[in-house]
Amino acid sequence: MKQLRSTVIRAGLEALYFSGAHYLLRPVFAGVGAIFTLHHVRPGHAGQFQPNRHLEIEPGFLRAALSYLRGSNIDLVTMDEAFRRLDEKDFARRFAAFTLDDGYRDNRDHALPLFREFDVPCTVYVASDFAEGTGRLWWIELERALAKANTIEVEIGSEMVRLETKTALQKQAAFDRLHDWLRALPGEHDVLREVAALCVRHGVDAHAICPELCMSWDELRAFASDPLVTIGAHTITHPNLAKQREDAALNELKTSRERIETQLGRPVRHLAYPYGDRLAAGPREFALAKAAGFKTAVTTRPGMIFPESAGHMTALQRISLNGNFQDERILPVLTSGAATAMWNGFRRIDAA
């Protein structure tokens with residue numbers, strides 16, 4: 001199902017490109033700016049089974065995006081500057097901001113050199129448990145368990161389900177089914193329990209993945225010293241905030257901010273919601289982010305930035321640079337706002 005969705009999205013992006021419709025829609029839907037979402041930036045690797053590929057782009061595609069934007073008369077700004085322009089209604093020039101979620105080491109090794117090359121600032125949202133080395137990246141744990149398994153047995157509801165995972169196609173189908181099931185569980189502890197059991201059963205060291213992939217506090221201190229880098233918060237444990245009690249969700253926001261400020265010795269003004277979609281961040285979470293003192297908070301709801309976004313500073317939409325669509329031709333489509341306008345039913349703001 002997810003592969004079909006990707007195919008449909010790709011076809012839509014190509015249709016907008018080849019038809020030239022994005023040029024016609026740009027004046028209405030390009031807005032005043034864009035905030036780009038990235039996760040991993042690293043060289044591609046072989047292998048047919050890459051279910052989290054949408055969360056990573058290759059350095060060459062990031063270079064193409066930066067080069068395109070530098071040549072498009074768009075200001076590439078910090079999140080502080082994006083906030084200022086919205087707050088002061090300074091829309092004389094369009095802007096774009098680059099944001100990266102989770103705090104992966106490849107952000108330092110592969111993304112930062114490119115941001116330096118093009119003199120582009122970036123904001124990296126850090127989950128404090130990831131920096132501690134104790135966090136759980138369960139979607140990667142799930143991928144690695146499936147990669148090693150020929151069959152998977154899990155109890156879904158009251159039914160024991162057996163999934164064949166011998167081929168890459170079977171593994172992808174199993175990942176999609178299990179991922180959807182896990183996201184629908186009542187709480188994050190349920191997700192971590194089920195994935196931990198799969199990891200034990202199939203010989204995956206779940207606790208080694210976070211220190212393997214994420215920057216430590218020492219690494220973040222050096223990384224944050226670069227003038228192009230802003231560090232934002234991404235909660236403590238990377239939970240689905242919408243499934244937590246209000247006091248627990250607020251603690252995730254406030255404590256993560258305090259931990260980062262203590263460790264790095266600098267203020268943390270910006271937030272990214274874990275997962276960031278409608279299932280994980282809604283009006284309650286937007287209000288909690290404001291109550292926690294964040295100037296901005298970003299979702300993964302697709303969309304451009306419009307003047308009206310100033311009224312929704314803790315519900316800002318973003319544009320994903322998606323690893324499944326690393327084609328330079330889509331860059332003018334993405335920055336035109338045409339694709340997200342169609343996705344949103346031509347609504348400019350999605351903050352409900």
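Partly exposed here means a relative accessible area between the buried limit, under 20%, and the exposed one, over 50%. Keep that in mind as you click around; the model is predicted.

Start with Arg84. Its relative accessibility is 24%, so Arg84 counts as partly exposed. Now add Glu81 to the selection: the two form a salt bridge, with the closest N and O atoms 2.8 Å apart. Glu81 is at 21% relative accessibility, so this residue is partly exposed too. Show the backbone and you'll find both partners in helix α4, residues 79-88. Three residues separate Glu81 and Arg84, about one turn of the helix.

Next stop: select Arg162 and Glu164. Their salt bridge has its closest N and O atoms 3.5 Å apart. Which of the pair is exposed, and which partly exposed? Arg162 is exposed, because its relative accessibility of 52% falls in that class. Glu164, with a relative accessible area of 32%, is partly exposed.

Then jump to Arg193 and Glu194, whose side chains meet in a salt bridge at 3.2 Å, N to O. Arg193 has a relative accessible area of 45%, which makes this residue partly exposed. Glu194 sits at 21% and is also partly exposed.

Last, a group selection: Asp75, Glu81, Arg84, Arg85, Glu88, Asp90 and Arg93. Salt bridges that share partners join these residues into one network, so you're back at the Glu81 and Arg84 pair from the start, bridged at 2.8 Å. If you want to keep hunting, the count for the model comes to 33 salt bridges.

Methods: Residues are numbered from 1 along each chain as its sequence is written. This is a predicted model: local features need pLDDT of at least 70, side-chain atom pairs count only at pLDDT 80 or more; totals for chains, interfaces and linings use all residues. Side-chain values use heavy atoms; hydrogens and water are left out. A salt bridge is a side-chain nitrogen of Lys or Arg within 4 Å of a carboxyl oxygen of Asp or Glu. Helices (H or I, at least four residues) and strands (E, at least two) are DSSP runs, numbered from the N terminus. Buried means under 20% relative accessible area, exposed over 50%, partly exposed in between (1.4 Å probe, protein chains only).
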